[in-house]
Amino acid sequence: MKTVKPKKALGQHFLTDESVAERIAATLDDCPELPVVEVGPGMGVLTKWLLSKGHDLTVAEVDTESIAWLKTHMHTLDPGRILEQDFLKLDLRELFGGRDLAVTGNYPYNISSQIFFHILDYKDIVKECTGMLQKEVAERLAAPAGTKARGILSVLLQAWYDIEYLFTVDETVFNPMPKVKSGVIRMKRNSVESLGCDEKMFKNVVKTTFSQRRKTLRNSVKPLLKPGQTLGEEWEIMLSKRPEQLSVEEFIELTKGLSE
């Protein structure tokens, strides 16, 4: 078996440029003490660089052909660290005995948002997350308040992580070549331990308002109001905005107001 055939159903676009793989591996240079989970290693172009840097590495892969290739060719990777599992179903607390960890990968475009929602479920132990995804999605995760790219994941992730858009990767360095460019990001867990509001309600407020992002908050929050509940005059300035204009802190304040 010389190479693995990319599978469209799995959203596979194998990185072929070693220099890009080396740059992505370097995004974890400031946390060498954390064990690392790589999502979808494929033929191990990034895996090789992560191992060369001495990371305590475990990989999660669902493609049986890729798994066979890794076991045959990636001799520096312990076969016991090749998990034949879907990352979205992986209990990250079981991997390293509940220890803090980092996540990286060349993430499949078709499930990248789901991957980051899954990481959010483990925000207490995922201290750093880097990797490559579709440029549009990468920009969305890092988008500050007031930009059109801002969306649900922008706010939910930025509540718990400091996010940087690091660099853009051209489509020509993949097999097969995707129709879009890619972007590499880095997320570092911030010092927030509690939002100071109902977290379930916070998520609901963010998702509800962005589902009607063309409306001002005055209209989009109506489904969240209790019968007879109104928000006073002090909320007028905020309610005249659209969801992408709000900071994380303003979403927290809005959640508190709706909860009262």
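Which backbone oxygen lies 2.5 Å from a polar atom of the side chain of Ser 154? That is the backbone oxygen of Arg 140, and I will come back to this serine after a word on the model. The model is a predicted one, in which local features need pLDDT of at least 70 and side-chain atom pairs count only at pLDDT 80 or more, while totals for chains, interfaces and linings use all residues. Residues are numbered from 1 along each chain as its sequence is written, and side-chain values use heavy atoms, with hydrogens and water left out.

Ser 154 sits in helix α7, residues 152-158, where helices are DSSP runs of H or I with at least four residues and strands are runs of E with at least two, both numbered from the N terminus. Ser 154 is buried, with a relative accessible area of 0%; buried means under 20%, exposed over 50% and partly exposed in between, with a 1.4 Å probe and protein chains only. Besides Arg 140, the side chain of Ser 154 reaches the backbone nitrogen of Gly 151 at 2.8 Å. If neighbours within four places in sequence are set aside, Ser 154 is in contact (heavy atoms within 4.5 Å) with Arg 140, Leu 141, Ala 143 and Ala 149.

Now to the sheet. It is an open sheet of 7 strands with mixed pairing, in the order β4-β3-β2-β5-β6-β9-β7, and two strands pair if DSSP finds at least two bridges between them. The edge strands, each pairing on one side only, are β4 (82-83) and β7 (161-169). At the β4 edge, β3 (residues 57-60) pairs with β4 in the parallel sense over 2 bridges, and Ala 60 stands opposite Leu 83 in β4.

Finally, the pockets, a pocket being an open set of points on a 1 Å grid over the protein atoms alone, with protein on both sides within 12 Å along at least five of seven lines, and lining residues having an atom within 4 Å of a point. The largest has a volume of about 490 Å³, and of its 32 lining residues the closest to the centre are Gln 12, Gly 40, Glu 61, Asn 106 and Pro 108. β1 (14-15), β2 (36-39) and α2 (45-52) each supply at least two residues of that lining. The second largest pocket has a volume of about 150 Å³, and its lining includes Gln 12, His 13, Pro 176 and Met 177. A volume here is the space filled by probe spheres set on the points, which are joined across faces, edges and corners.

Conventions:
On a 1 Å grid over the protein atoms alone, a cavity is a set of points where a 1.4 Å probe fits but cannot get out, and a pocket is an open set with protein on both sides within 12 Å along at least five of seven lines; lining residues have an atom within 4 Å of a point. A polar contact is a pair of N or O atoms within 3.5 Å; within protein, one must be able to donate a hydrogen and the other to accept it, and residues adjacent in sequence count only if both atoms are side-chain atoms.
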